[in-house]
Amino acid sequence: MDVLGHILPLALVDTLSVSTLGIPVWFLLTPRALRIANVFGYLLIVAFGYFVLGVVMLSALSAVRDPLRSALHSRTGDAATAAIGAVLILVGIWYGLLRREREGDGRLTRWREAVVGASATARSVSTVALVAVALEILTMFPYLAAIDVLSRDGRPWHLQVALLALYCAVMIAPAMLMTLCRLVSQRAVQPALRRLDRWLRDNARENTAWLFALVGFLLLSGTTLYERGKDLLFR
């Protein structure tokens, strides 16, 4: 299936997000006894949240595709798209270069405590899973691209939904595999998990900033305002 060649690479990109990789690593590194039900429960909630959101988007996109295309190609739509792109680029610059979090008081630190801290509960795990999905909506570029591919593919609705479910399963597959490896041999996987956790913590803000800026540039570069500005600049 040609469509798989388009959406599976996007699903692999989504395996690297905080919700599908960072938080599961925190579970697996907890010094307390591994609560396997919390890990799998969290991952299933994330996958289901993405799936439900994707089905809603897929339905909405197929219903408004033609009117939306007309609106985006209008002068007002073009200006709005350019403005959103510029704002996202500025947000990326602010988030990556200017914003600073106090040591131990960042969002990721609070999430870690909620899912693996001494007071972690099933409710807090579920809340973090849903909040993680909600906060990633603005940076869901790979997922949105996959939904666009599915909506344009022309396959029956039930096949589109099945492919969307496959995407969500691939998204959480690496974390599931890490969890199984952790169950088999904690000593063997612990060093790799610690290095991965250190890399995620050290680069989380920069990675998010780059994603904001990339999405902003992709939106901006597709507008006529961008083309006019480029022509003026390089004339």
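Visitor: About how much surface does the protein chain expose, and what share of it do carbon and sulfur atoms supply?
Guide: Please keep in mind that this is a predicted model. The protein chain has 235 residues, and 40% of them count as buried. The exposed surface comes to about 13300 Å², and the share supplied by carbon and sulfur atoms is 67%.

Visitor: How many helices and how many strands are there in the protein chain?
Guide: Follow the elements from the N terminus and you read α-α-α-α-α-α-α-α-α-α. The count is therefore 10 helices and, for strands, zero.

Visitor: Among contacts with a separation of 6 or more, what percentage comes from residues 24 or more positions apart?
Guide: One example of such a link is the ring pair of Tyr-143 in helix α7 and Tyr-167 in helix α8, parts that are 24 residues apart in sequence. For the protein chain, the portion of these contacts made by residues 24 or more positions apart is 80%.

Visitor: Which class of aromatic pair do Tyr-50 and Tyr-143 form?
Guide: There are two aromatic pairs by the ring rule. In the one made by Tyr-50 and Tyr-143, the centres are 5.2 Å apart and the planes meet at 75 degrees. Tyr-50 sits in helix α3 (residues 36–73) and Tyr-143 in helix α7 (residues 141–153), 93 residues apart. Because planes over 60 degrees apart fall in that class, the pair of Tyr-50 and Tyr-143 is edge-to-face.

Visitor: Are Tyr-50 and Tyr-143 buried or exposed?
Guide: The cut-off for buried is under 20% relative accessible area. Tyr-50 has 1%, and Tyr-143 has 0%. Both values fall under the cut-off, so Tyr-50 and Tyr-143 are buried.

Visitor: And why is the pair of Tyr-143 and Tyr-167 classed as it is?
Guide: Here the ring centres lie 5.2 Å apart, with the planes at 50 degrees. Stacked needs under 30 degrees and edge-to-face needs over 60, so an angle in between gets the remaining class. The pair of Tyr-143 and Tyr-167 is therefore tilted.

Visitor: Which residues form the aromatic cluster?
Guide: Tyr-143 pairs with Tyr-50, and Tyr-143 also pairs with Tyr-167. The one cluster is thus made of Tyr-50, Tyr-143 and Tyr-167.

Visitor: Which helix gives the most to the largest nonpolar core?
Guide: That core has 45 residues, and those with the most contacts inside it are Ile-7, Tyr-42, Tyr-50, Tyr-143 and Tyr-167. At least two residues each come from α1 (2–14), α2 (18–29), α3, α6 (122–135), α7, α8 and α9 (186–221). With 10 residues, the helix that gives the most is α8.

Visitor: Which buried residues of α1 can I look for around Tyr-167?
Guide: The buried residues of α1 are Val-3, Leu-4, Ile-7, Leu-10, Ala-11 and Asp-14, and their cover includes α2, α7 and α8. Leaving aside neighbours within four places in sequence, Tyr-167 also touches Pro-142, Tyr-143 and Ala-146. Its contacts that belong to α1 include Ile-7, Leu-10, Ala-11 and Asp-14.

Visitor: How many of the residues of α2 are buried?
Guide: The buried set of α2 includes Trp-26 and Phe-27, and also Ser-19 and Thr-20. This helix is mostly covered, with a buried count, out of 12 residues, of 11.

Visitor: How many disulfides are there?
Guide: Two cysteines to look at are Cys-168, buried at 3% relative accessible area, and Cys-181, partly exposed at 34%. A disulfide needs sulfur atoms within 2.5 Å, and by this rule the count is zero.

Definitions and conventions:
Residues numbered from 1 in each chain as written. Predicted model: local features only at pLDDT ≥ 70, side-chain atom pairs only at ≥ 80, totals over all residues. Heavy atoms only, no water. Phe/Tyr/Trp six-rings, centres within 6.5 Å; stacked < 30°, edge-to-face > 60°. Helix = DSSP H or I, 4+ residues; strand = E, 2+ residues; numbered from the N terminus. Buried < 20%, exposed > 50% of the residue type's maximum accessible area, 1.4 Å probe, protein only. Core = buried A, V, L, I, M, F, W, Y, C linked by side-chain atoms within 4.5 Å. Contact = heavy atoms within 4.5 Å. Areas by Shrake-Rupley, 256 points an atom, 1.4 Å probe, with all protein chains shown as cover.
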